[in-house]
Structure formats: structure tokens, C-alpha cells
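Please walk through the model below with its backbone and side chains both in view. The account that follows moves from the backbone to the aromatic rings, then to polar contacts and a pocket.

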Amino acid sequence: MRKLSMEELNRDSVEDFRSKEKLPLTLILDNVRSLNNVGSVFRTADAFMVEKIYLCGITGTPPHRDIEKTALGATESVAWEHVPNTLDLTRQLQAQGYKVVAVEQAENSTKLHEFVPEPEQRYAFVLGNEVFGVEQEVVSLSDVVLEIPQFGTKHSLNISVATGVVVWDFLSKSIS
């Protein structure tokens, strides 16, 4: 096997990317402190054609060199918006027909492997602060609480890793 060159990958331009149909999935970052994590989420959103990222509360916004360091330009291709309050945004998106999915460990959560996206339904996945997770009020208001099963000694995944896991899972279930 031979690795492909950058030219052989034949990637879209930013303009072409923006004009393409996106996955019916929006990401909400709830008070994420690490700018490197924010940048990584942008890069994942670009890779999997996520519709939009909402940066809520204290979550940092582009342009910032620490976001760009991991985003590698994805802040230019992926639609994003800063919103002061995650709870208000949750209500607004639900009113627009989105199913809001908090990615969190909670009572009666749906395990990731049991989650089946509904065809034609738009989703907004909420990912939380590195220490405190998703705000309880947002978890309580969510339509689904989705939990990534873990089997080791740690109790959580890095937010950028969790984002990659849930977005890939959603995409793979949506295209099959």
C-alpha cells in the first residue's frame, strides 16, 4: 500500500464545502474551556460535514491561535455561532424541530450502540465542559441523553474524542 498525496485526496475548496448538503447534525459546545478542544471539534465537524457548531457561554471563539492550531483551517469551512446561554439555545433549537441530545453519563441514558437516529430528523448534540460536563438544566431539557459506554478506570473521555465518537456513530448509522 502507498499513502495518498494531498493532491490525490482531491479535497473540496472552502467555497465548495460550504455549498454542499451537510449531515443533519449540529454540535453545541457547552462552556468548553480548552481552545485546543474547540479547534479539534471544528476539524471533526469539517471531516464529517456537520451542519453547524454553536459555541456557548465561556467557550472560546475564532479567531484564536490555539483554536487554529488544532482546527487547521476548519474555522473557515464550518458554520459557527457564539451564543451566550446553552439552555436558551436548547429551547430555540427544539422549537425549530431539532432533537437535542446531551452527551453525558446520566440515569436512564441511552447507550451509544442503542441509539438509532430517525430518518429526516435534525439533531443537536450537546457536549460539555471538561470538568463539569453538560449543565444539569440542559440535560434535563434534552430529548435524549446519550452515553458512550466506557470500560476502563477513567470516568470520561476528552470532549474532542467524545465528539469524534458520537459524530462518526451518527454518520455511520445515517448512511447505512
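**From the backbone to the rings and the pocket**

P63 is found in the loop between strand 2 and helix 4 (65–71), where helices (H or I, at least four residues) and strands (E, at least two) are DSSP runs numbered from the N terminus. This is a predicted model, in which local features need pLDDT of at least 70 and side-chain atom pairs count only at pLDDT 80 or more, whereas totals for chains, interfaces and linings use all residues. Residues are numbered from 1 along each chain as its sequence is written, and side-chain values use heavy atoms, with hydrogens and water left out.

The peptide bond that leads from P62 into P63 is cis, with omega near -5°. Most peptide bonds are trans, and most residues other than glycine have a negative phi. Against that background, two asparagines can be examined. N10, in the loop between helix 1 and helix 2, has a positive phi of about 50° although it is not a glycine. N31, which lies in the loop between strand 1 (23–30) and helix 3, likewise is not a glycine and has a positive phi of about 60°. As to their surroundings, N10 counts as exposed at 64% relative accessibility, while N31 is buried, with a relative accessible area of 18%; here buried means under 20% relative accessible area, exposed over 50%, and partly exposed in between (1.4 Å probe, protein chains only). S140, placed in helix 7 (residues 136–141), also counts as exposed, at 55% relative accessibility.

The aromatic side chains come next. A search of the whole structure finds seven aromatic pairs, where rings of Phe, Tyr and Trp (its six-membered ring) pair if their centres lie within 6.5 Å, and planes under 30 degrees apart count as stacked, over 60 as edge-to-face and the rest as tilted. One of these pairs is formed by F42 and W80, and this pair is edge-to-face, at 6.5 Å centre to centre and with 80° between the planes. Because F42 lies in helix 3 (residues 35–47) and W80 in strand 3 (residues 80–83), the pair ties together parts that are 38 residues apart in sequence. F42 is buried, with a relative accessible area of 0%, but W80 is partly exposed, with a relative accessible area of 30%.

Y123 and F170 form another edge-to-face pair, with 5.4 Å centre to centre and 70° between the planes. Y123 lies in strand 6 (residues 123–128) and F170 in helix 8 (residues 159–175), so this pair ties together parts that are 47 residues apart in sequence. Both Y123 and F170 are buried, Y123 having 1% relative accessibility. Ring pairs further link F115, Y123, F125 and F170 into a cluster.

Which residues does Y123 touch, not counting residues up to four places away in sequence? They are P24, L25, T26, Y98, K99, V101, F115, V116, P117, E118 and F170, with contact taken as heavy atoms within 4.5 Å. The backbone nitrogen of E118 lies 2.8 Å from a polar atom of the side chain of Y123.

K52, in strand 2 (residues 50–56), offers a polar side chain to follow. The side chain of K52 makes a polar contact with the side chain of E81 (2.7 Å); a polar contact is a pair of N or O atoms within 3.5 Å, of which, within protein, one must be able to donate a hydrogen and the other to accept it, and residues adjacent in sequence count only if both atoms are side-chain atoms. Leaving aside residues up to four places away in sequence, K52 touches L25, T26, L27, A79, W80 and E81.

The largest pocket has a volume of about 490 Å³. A pocket, on a 1 Å grid over the protein atoms alone, is an open set of points where a 1.4 Å probe fits, with protein on both sides within 12 Å along at least five of seven lines, and lining residues have an atom within 4 Å of a point. Grid points are joined across faces, edges and corners, and a volume is the space filled by probe spheres set on the points. Of the 17 residues that line the largest pocket, R11, D12, D46, A47 and S77 are the closest to its centre. Helix 1 (6–9), helix 2 (14–19), helix 3 and helix 5 (74–77) each supply at least two residues of this lining, and helix 3 gives the most, with three residues.
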